[in-house]
Amino acid sequence: MTDAHPLSTDVAIIGAGPTGLFAAFECGMLKLDCVLIDALDHIGGQCAALYPEKPIYDIPAHPAIEGAALVEALDRQIAPFAVPRLLGRRVERLAGHRGAFTLGTDRGDVIHARAVIIAAGAGAFGPNRPPLAGLEGFEASGAVQYYVRRRAEFAGTRIVIAGGGDSAIDWALSLQDVAEKIWLVHRRDRFRAAPESLRQLDEAVAAGRIEKVVPYQLHGLHGTDGELDGVEVTTLDGERRLLPGNRLLPFFGLSTDLGPIAQWGIDSIRSTIPVVPSSCETSLPGVFAVGDVAAYPGKLKLILQGFSEGAMAAHAIHPIVRPDTALHFEYSTSKGVPHRT
Ligand SMILES: Cc1cc2nc3c(=O)[nH]c(=O)nc-3n(C[C@H](O)[C@H](O)[C@H](O)COP(=O)(O)OP(=O)(O)OC[C@H]3O[C@@H](n4cnc5c(N)ncnc54)[C@H](O)[C@@H]3O)c2cc1C
């Protein structure tokens, strides 16, 4: 049995993070059909997977909006276009040329598209995992997690948080109200985070809500059948401590690997794809890249910048898909939102 989808569309958008979602809106506004494909089983990319309950403060016209709420709003914005979504499907193959591409997913879907927008963020992103014996069993039970989807799931737990950057500190601060106890383990006694976060951390440590465990590194997991009952940490000198935590949240960053995209004959630099700044076209004509994955001088990896790149890419794609129809620039206030018929 296969649930693979064969389909033809104007634009295939790889990645349904905030940038891919908004690119779908811009395509819709130009009456270009599109399909969204994402390896995750839900839309929203990093906002939904990594920080759904955190407020974002630099989305224009939203003084503060949580990651999940932003995704939900983007979803409502594209609703008029009834964009098909292929979720839980990683695009493995891309072949063809400007005007005629074929994409293949790991689930056997075949998508024919006139143009392609790669909105793949950090690629097929995954957490950097600590090299600890028996880790898989504790991951499977949920005792070790790399993302916090809902703070409420951590109510009354004893959490060991590992890492020295923004994520480790932000989550320690965010979970201090719900957890019974939080240890913050870092191999140095200096943390890298925004000054305000560091100030709040000092306050929480002074109040006994968070205990800093420095300079220590993760060393081992204790427990049976996926039930974690202790996290062993050591110093470089071999001094050991057993922290009686029942949850471990390691925040060692995301692995940024373009995955299969790196094999498609498109120029890439490490995990980014250089694009022409005015159109977001990649080195492969007819294939565009927007959002975190796109690179050009002055690029900021911010959601707001990805939104504008989606608009530029859609306008640059229009003549490929509709070569006989001149595109007259129009404000949305003038033309309204065209519904899919
Ligand atoms: C903790 C945290 C806080 C942040 N705070 C802010 C903030 O305050 N303001 C701000 O502007 N930005 C913030 N960011 C950054 C912001 O989340 C990113 O800039 C944004 O998510 C990039 O959007 P994107 O759509 O380009 O990529 P992503 O959100 O990374 O989405 C890319 C999607 O592509 C999919 N994908 C990749 N490869 C494939 C493939 N081969 N096949 C199918 N699907 C694929 C992935 O599964 C993913 O869902 C923050 C990030 C983090 C981690």
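A disulfide here is a pair of cysteine sulfur atoms within 2.5 Å. Keep that cut-off in mind for the second half. What you see above is a predicted model.

Let me start with the ligand. It is surrounded by 31 residues, and the closest are Asp38, Tyr51, Asp58, Val91 and Asp292. By class, that shell splits into 16 nonpolar, nine polar and six charged residues.

Now the polar pairs. An oxygen atom of the ligand sits 2.5 Å from a side-chain N or O atom of Tyr51. For Asp38, a polar side-chain atom is 2.7 Å from a ligand oxygen. Asp58 pairs with a nitrogen atom instead: the distance from that ligand nitrogen to an N or O atom in the Asp58 side chain is 2.8 Å. On its own the ligand would expose 1000 Å², and the protein buries 88% of this area.

Which elements supply the shell? Helix H1, residues 18-29, strand E2, 34-38, and helix H2, 45-49, each give at least two residues. H1 has the largest share, with three.

On to the cysteines. How many disulfides does the structure hold? Zero. Take Cys34: the closest cysteine sulfur belongs to Cys27 and lies 4.8 Å from the Cys34 sulfur, so the two are too far apart for a bond. Cys34 is also buried, because its relative accessibility is 5%. Cys280 is in no disulfide either; for this residue the nearest cysteine sulfur is again that of Cys27, 12 Å away. Cys280 counts as buried too, with a relative accessible area of 0%.

That is the ligand shell and the cysteines. Happy to take questions.

Terms used:
Residues numbered from 1 in each chain as written. Predicted model: local features only at pLDDT ≥ 70, side-chain atom pairs only at ≥ 80, totals over all residues. Heavy atoms only, no water. Near = heavy atom within 4 Å. Polar contact = N/O pair within 3.5 Å; in protein donor to acceptor, adjacent residues only side chain to side chain. Areas by Shrake-Rupley, 256 points an atom, 1.4 Å probe, with all protein chains shown as cover. Helix = DSSP H or I, 4+ residues; strand = E, 2+ residues; numbered from the N terminus. Nonpolar A, V, L, I, M, F, W, Y, C, P; charged D, E, K, R; others polar. Buried < 20%, exposed > 50% of the residue type's maximum accessible area, 1.4 Å probe, protein only.
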